[in-house]
Amino acid sequence: MSKQHRPLLMRANRLLGAALVEANLLQMEQLEQANERLLEIIAGGQPRQSTLLGVLAYELKAVREEDILQHLVDHEGVGVVDLRHYDVPEEFRKGQDTGACWATWSVPFDREEGFTFVATAYYLSPAVRSHWEKQLEGPVLWFATTLDGVADFLEKLDAAETAVTA
């Protein structure tokens, strides 16, 4: 993780954890344990593993992504999108700040009639929403997705960019 994106990563994860506790999806003790583990992972420099949600869901089994997605649909009115079979539009292949995408676990994935569609596994983090709403021109339509959905999309984006430069 670059020094430029580290503050965004830390803030996104901190506010996600607080929101999960506030929504009664997580206990404070579980959050504290996950935060300690996250700091270890970040020190290792692996963006795909640098996620509080990943630690909580897959290492500690403290929360399920499905429960968070259901909470977002039921309480936040957010739709869900599966990006696995979505082709990366040309405008998102060029100039995409993948460091910010990894830091926020979010990807802008389409644009129609002035609206930018953003898929995120971190919708509950106000830092994530604020970051992207400042970065993107025009209004944002938010969609929830899984960590794997974001990671696979970013890896596909990296592969497409590598193929163009090769």
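In strand β4, V140 sits opposite T116, a pairing taken from a predicted model in which local features need pLDDT of at least 70, side-chain atom pairs count only at pLDDT 80 or more, and totals for chains, interfaces and linings use all residues. Residues are numbered from 1 along each chain as its sequence is written, and side-chain values use heavy atoms, with hydrogens and water left out.

T116 belongs to a sheet, so that is a handy place to begin. Strand β3 (residues 115-120) runs parallel to β4, joined by five bridges; strands here are DSSP runs of E with at least two residues, helices are runs of H or I with at least four, and numbering starts from the N terminus. Two strands are said to pair if DSSP finds at least two bridges between them. On the β2 side, β3 is antiparallel to β2, with six bridges in between, and here T116 in β3 has R111 standing opposite. Strand β1 (residues 79-80) pairs with β4 in the parallel sense over two bridges, with V80 opposite A144. Put together, this gives an open, four-stranded sheet with mixed pairing, in the order β1-β4-β3-β2. The edges are β1 and β2, each of which pairs on one side only.

Strand β4 (residues 140-144) also shows two distinct faces: V140, W142 and A144 make up the covered one, while L141 and F143 are on the uncovered one. In general, side chains of a regular strand alternate between the two faces of the sheet.

Turning to the helices, α1 (residues 6-22) looks regular in length: its 17 residues should span 24 Å at 1.5 Å a residue, and its end C-alpha atoms are indeed 24 Å apart. The expected span is 1.5 Å times one less than the number of residues. L8, L9, A12, N13, L16, G17, A19, L20 and V21 are the buried residues of α1, buried being under 20% relative accessible area, exposed over 50% and partly exposed in between (1.4 Å probe, protein chains only). These buried residues pack against α2, α3, α4 (65-76), α6 (98-104) and α7, where contact means heavy atoms within 4.5 Å. Just past α1, N24 adopts a positive phi of about 60°.

Helix α2 (residues 28-44) holds I41, which counts as buried because its relative accessibility is 9%. Apart from neighbours within four places in sequence, I41 touches Q46, Q49, S50, V55 and E59.

I41 also helps line the second largest pocket, alongside residues including R48, T51, Y58, W105 and D148. A pocket is an open set of points on a 1 Å grid over the protein atoms alone, where a 1.4 Å probe fits and protein lies on both sides within 12 Å along at least five of seven lines; lining residues have an atom within 4 Å of a point. The volume of this pocket is about 170 Å³, and α3 gives the largest share of its lining, four residues.

The largest pocket holds about 210 Å³ of space. Its lining has 13 residues, of which G95, Q96, P108, W132 and L136 are closest to the centre. Elements giving two or more residues to that lining are α5 (90-93), β2 (106-112) and α7 (126-135), and α7 has the largest share, with three.

Note on methods
Grid points are joined across faces, edges and corners, and a volume is the space filled by probe spheres set on the points.
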